[in-house]
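Got the viewer open? Let's walk through this one stop by stop, picking a selection each time.

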Amino acid sequence: MSAVTHPPLGRAGAAWLLVTRSFIVYKKNWKLFLTGFFEPVFFLFSIGIGVGQLIESFEVGGEPIPYAEFVAPGMLAVSAFNGALMDSTFNVFFKLKYDKLYDQMLATPLTTGDIARGEIIWGQLRGSSYSVAFLLLMWALGMLHSWTAILALPAVLLIGFAFSAVCMAATTWMTSWQDFDKITLLQLPLFLFSATFFPITAYDGWLRWVVEVTPLYRGVALCRELTLGQVGWESLVSIGYLVVMGLIGSWVVRRRLDKLLLT
Amino acid sequence: MIRARGLRKSFGEFEAVKGIDVDVRRGEAFGFLGPNGAGKSSTMRMIASVSPISGGSLEILGMDPATDGPAIRGRLGVCPQEDTLDNELNVRDNLYIYGRYFGIPKGEVNSRVDELLEFVSLTEKSRSKVEDLSGGMKRRLTIARSLVNNPDLLLLDEPTTGLDPQARHVLWDQLFRLKQAGVTLVITTHYMDEAEQLCDRLVVMDKGLIAAEGSPRQLIEEHSTREVAELRFAITDETNPHEAIAGKIEDLGRLEVLPDRILVYSPDGEEVIAKVHERGLDPIAVLVRRSTLEDVFLKLTGRTLVD
């Protein structure tokens with residue numbers, strides 16, 4: 001047996017191998033993958049269309065629209081949010097703590113940076129794949145009002161990235177399964193109060209400011225502006241916010257993996 | 001292949017490795033022996049370039065693990081103490097994706113995986129889930145995985161711990177074949193027979209330091225005698241009879257008085273027995289055997305239980 005040297009993996013190629021691994025895992029469990037798609041669809045039909053029938057007129061940015069078309073972009077952002085959370089919390093915790101998956105990867109030329117990037121990208125892709133399906137549903141239901149709706153694709157990728165990175169970072173501090181209650185405790189109010197089901201104008205004064213700086217609100221607002229064709233400066237603020245959030249999260253994940261695994 | 005000088009590793013206040021010098025040459029099988037907590041695994045993790053060194057210097061394959069970690073790891077095979085297989089993938093995919101981590105192209109990985117499954121006799125299990133494998137099969141899969149990149153240097157941390165005798169012998173045989181093929185092996189173990197079987201050269205570690213170094217034969221010659229006579233006496237009264245008997249045979253060689261027997265280290269065991277009888281002592285059982293590495297090990301690291 002003689003040693004064969006291979007050209008070193010590029011950093012992008014290395015991160016993509018982790019995505020490939022997750023892909024092989026889910027190829028066999030594709031049903032598990034599907035569940036994430038239905039939740040936002042159910043909310044769209046029950047609250048958006050069902051409850052929406054009780055609402056006679058509804059205005060966004062001065063234009064009257066059916067209530068369901070207000071809720072739909074919110075659910076679009078929520079799909080990316082929920083999907084990103086699935087893998088970057090419980091699954092990462094399991095791999096880190098019990099499966100020792102990252103330890104075996106670190107015995108190869110892979111680095112903690114590759115692992116951080118690969119896992120974040122996978123969470124991001126999982127979340128945004130739900131959003132893409134949801135966007136197609138919106139299109140089929142005639143809920144897209146502007147060509148800018150196509151930009152909702154990069155937008156949901158960005159939302160997936162931001163939440164995948166930050167949630168994975170938070171997961172590195174978890175010590176037991178019970179700690180995940182804290183994530184659930186945050187997930188539900190973010191879902192309900194990020195102007196998903198009613199406009200931000202329902203809040204007054206400081207409370208409105210609080211909601212405006214929460215991350216899911218930025219995602220919901222961005223998706224709504226894009227699908228309704230009401231893009232403005234505020235959209236850029238949301239983009240900048242989510243980019244910075246994702247980058248900080250990624251940096252923290254790498255630092256934490258160094259600390260936990262390279263002892 | 002490996003060159004360590006004054007190598008140290010500490011975890012906070014605790015010093016696991018307290019300054020060791022090690023040289024491993026190409027093509028040899030090198031062993032780290034020692035009781036639990038001697039610092040073997042910490043040393044192995046530093047060599048595997050996943051654990052930053054705390055002091056001294058370490059060079060692996062001519063490179064510095066602090067700066068060339070990925071390049072070094074690309075040429076190492078690592079078989080960790082606990083199987084860290086990918087439980088979400090089947091047997092074949094475990095090897096496939098692991099090979100891909102090394103940047104080996106798809107086609108090449110696939111043929112390599114077939115070869116390795118054959119080598120460790122797991123071809124029939126290639127579609128099985130990892131959790132359905134027996135302990136011995138998991139170990140063989142871990143070994144196969146560590147070979148996927150045709151490593152120059154193979155690190156095995158207690159490779160046969162927890163295996164049944166059949167599985168151990170199969171594994172030894174495979175490791176021996178690898179050695180014949182020119183792979184440099186670094187093994188930690190606390191099984192002395194394993195060290196004697198596999199290692200050309202070894203160091204005995206104790207409490208983070210190297211207590212002795214040499215080939216198994218050299219170590220036995222230096223730290224023990226050619227033979228050992230084991231004497232067992234009937235216990236006749238409550239006072240410690242072995243101590244009393246030991247006083248009468250002190251001059252026959254180095255003695256070790258244990259609760260159930262007395263060991264006499266001597267170049268000629270039969271002669272010891274003859275003299276014991278001459279002195280009117282009547283052991284109920286005697287055994288003359290050759291010194292083993294285990295005698296060396298126990299002499300150097302003591303008989304006290306380490307947790």
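In what order do the 3 strands of the open sheet in chain B run? Keep in mind as you look that this is a predicted model. Select chain B and you'll find the order is 2-1-4, with antiparallel pairing. The edges are strand 2 (14-24) and strand 4 (55-60) of chain B, each of which pairs on one side only. Sight along the sheet and you'll catch its twist: neighbouring strands are turned by 25° against each other on average, ignoring direction.

Now zoom in on strand 1 of chain B, residues 2-11. With strand 2 of chain B it forms an antiparallel pairing over 8 bridges. For one of the partnerships, pick Ile2(B): its bridge partner in strand 2 of chain B is Val24(B).

Next, add residues 40-47 of chain B, which make up helix 1. Helix 1 of chain B lies across strand 1, strand 2 and strand 4, and runs at about 120° to strand 1 of chain B.

Time to switch to chain A. Select residues 31-257, which UniProt lists, in an unreviewed entry, as "domain: ABC transmembrane type-2". This stretch of chain A is 74% helix and 2% strand, and its end C-alpha atoms sit 30 Å apart.

The unreviewed UniProt entry also lists transmembrane regions in chain A, including residues 150-171 and 183-203. Colour those two and take them in turn. Residues 150-171 of chain A are 91% helix and 0% strand, with end C-alpha atoms 32 Å apart. Residues 183-203 of chain A come out at 52% helix and 0% strand, with 24 Å between the end C-alpha atoms.

Terms used
Residues numbered from 1 in each chain as written. Chains lettered and ligands numbered in written order. Predicted model: local features only at pLDDT ≥ 70, side-chain atom pairs only at ≥ 80, totals over all residues. UniProt positions renumbered as here; feature names shortened; annotations may be inferred. Helix = DSSP H or I, 4+ residues; strand = E, 2+ residues; numbered from the N terminus. Pairing = 2+ DSSP bridges. Axes fitted to C-alpha atoms, helices over the stretch in contact; angles between N-to-C directions. Contact = placed C-beta atoms within 7 Å.
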